[in-house]
Amino acid sequence: MTRTGFVGLGNIGRPMALRLAGADGIELWVHDIAEEPVAELITAGAKAAVSVAELAAAVDVLSVMVRDDDQVRQVLSEVLAADRAEQGPLTVLVHSTVAPETPAELAATAEPHGVNVLDAPVSGGPMGAAEGTLAILVGGSPEAYAAAGPVLAAMGTKVVHAGEIGAGTKLKLARNLLHFASFTAATEAQRLAEAAGLDLVALGDVVRHTDAITGGPGAILYRDTTAPIAPDDFWHGVFSHVVALGEKDLGFAIELAEELGVDVPLARLALDRLAPGLGLP
């Protein structure tokens, strides 16, 4: 059995912990200041700890899914105060999305206490957490990563060891840059469609339908470099086609926006940067 703890039973943490509670080979302990999710986890088979220190003294792997950097630091300070004299090594998984420099800071603080820290932010939201299909992006030593393996596998179907401590967080931030920049572009498209008298719900249905087929923005993320593409490279032909279509359609969309009096700064920026962004002149 892997003795596992979970601190932070919020919108994503609660379903993550429920996946652990139902996993074979895992003995789960939980702690949260809210009583309701703790009671739910107890019903699901977990044990409750009255404090972070009590939980840390009982487990080998401890997941932390709290709100921000300061709360993560507070939880870690309570972990390091725990009496683990009769226990083996402890691995702490920080699932919260924190500042890029925070994981290394946490690891340096924990190392003298014999505690290993992995940054392991997640992508997939409450739905992925509930279904156990999260992407979990991990930074830290191979030894700590191996120790946390059964816990990570119980919560996600895409577990990536991105590199040294902090690499998981940086990968998550790059992923979320795309996520929220795309949301902003979506609002620009909504304003254009609304000004043209179109059904915004229908627009959303079309976007979700076609992105499920084409892969959306992820469809271009196959190269292992952002360097310029040589003319004889396979991707030169592919992306030349993408640029030709993209510049044409962006040009038409900007013309429509000008006609309707809609400001579309992201579309203008995309028209300017599409080709060089894809590695073409």
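User: Leaving aside its neighbours within four places in sequence, which residues is Leu137 in contact with?

Analyst: This is a predicted model, and in it Leu137 is in contact with Asp119, Ala120, Pro121, Val160, Gly168, Leu171 and Lys172, once neighbours within four places in sequence are set aside.

User: Where does Leu137 lie, and is Leu137 buried or exposed?

Analyst: Leu137 lies in strand 8, and Leu137 counts as buried because its relative accessibility is 7%, where buried means under 20%. Measured out in sequence terms, Lys158 is 21 residues away from Leu137, while in space their C-alpha atoms are 8.3 Å apart.

User: Okay, stepping back, how many helices and strands are there in the protein chain?

Analyst: The protein chain has twelve helices and nine strands. Its C-alpha atoms fill a box of roughly 70 × 45 × 30 Å along the principal axes, and 38% of its 281 residues count as buried. Among the contacts in the chain with a separation of 6 or more, 64% are accounted for by residues 24 or more positions apart.

User: Which residues touch the most other members in the largest nonpolar core?

Analyst: Phe6 and Leu28 do, out of the 29 residues in that core. The elements that give two or more residues to this core are helix 1 (13–21), strand 2 (26–31), helix 2 (35–43), strand 8 (134–139) and helix 8 (149–155). Another core, of 26 residues, lies apart from it, and its members include Val7, Trp29, Ala56 and Leu62.

User: Strand 2 came up there, so what does His31 touch?

Analyst: His31, whose place is in strand 2, touches Phe6, Val7, Gly8, Leu9, Ala49, Val50, Ser51, Val52 and Leu55, not counting residues up to four places away in sequence. The C-alpha atoms of His31 and Phe6 are separated by 6.4 Å, although these two residues are 25 residues apart along the chain. His31 is buried, since its relative accessible area is 14% and the cut-off for buried is under 20%.

User: And helix 2, what is Leu41 in contact with there?

Analyst: Leu41 has its place in helix 2, and, leaving aside neighbours within four places in sequence, Leu41 is in contact with Leu9, Arg14, Ala17, Leu18, Ala21, Leu28, Val30 and Ala46. One of these contacts, Leu28, is also one of the two residues that touch the most other members of the largest nonpolar core. Leu41 counts as buried because its relative accessibility is 0%. Pro15 is 26 residues from Leu41 in sequence, and the two are 9.5 Å apart in space, C-alpha to C-alpha.

User: Switching to helix 9, how far apart are its end C-alpha atoms?

Analyst: The end C-alpha atoms of helix 9, which covers residues 167–195, are 43 Å apart, and this agrees with the 42 Å that its 29 residues should span at 1.5 Å a residue. After helix 9 comes Gly197, whose phi is positive, near 75°.

User: Which residues of helix 9 are buried?

Analyst: Ala167, Gly168, Thr169, Lys172, Asn176, Glu188, Leu192 and Ala193 are buried in helix 9. Two of these residues, Gly168 and Lys172, are also among the contacts of Leu137.

User: What about Ser182, is it buried, exposed or partly exposed?

Analyst: Ser182, which has its place in helix 9, is partly exposed because its relative accessible area is 28%, a value that falls between the 20% limit for buried and the 50% limit for exposed. The C-alpha atoms of Ser182 and Leu266 are separated by 9.9 Å, with the two residues 84 residues apart along the chain.

User: Last topic: what volume does the second largest pocket have?

Analyst: The second largest pocket has a volume of about 300 Å³. Of the 15 residues that line it, Val7, Gly8, Asp32, Val66 and Gln71 are the closest to its centre.

User: Which helix gives the largest share of that pocket's lining?

Analyst: Helix 4 (residues 69–80) gives the largest share of the lining, with four residues. By kind, the lining of this second largest pocket divides into seven nonpolar, five polar and three charged residues.

Definitions and conventions: Residues numbered from 1 in each chain as written. Predicted model: local features only at pLDDT ≥ 70, side-chain atom pairs only at ≥ 80, totals over all residues. Heavy atoms only, no water. Core = buried A, V, L, I, M, F, W, Y, C linked by side-chain atoms within 4.5 Å. Buried < 20%, exposed > 50% of the residue type's maximum accessible area, 1.4 Å probe, protein only. Expected span 1.5 Å × (residues − 1). 1 Å grid on protein atoms, 1.4 Å probe; cavity = no way out; pocket = protein on both sides within 12 Å on 5 of 7 lines; lining within 4 Å. Points joined across faces, edges and corners; volume = space filled by probe spheres on them. Nonpolar A, V, L, I, M, F, W, Y, C, P; charged D, E, K, R; others polar. Contact = heavy atoms within 4.5 Å.
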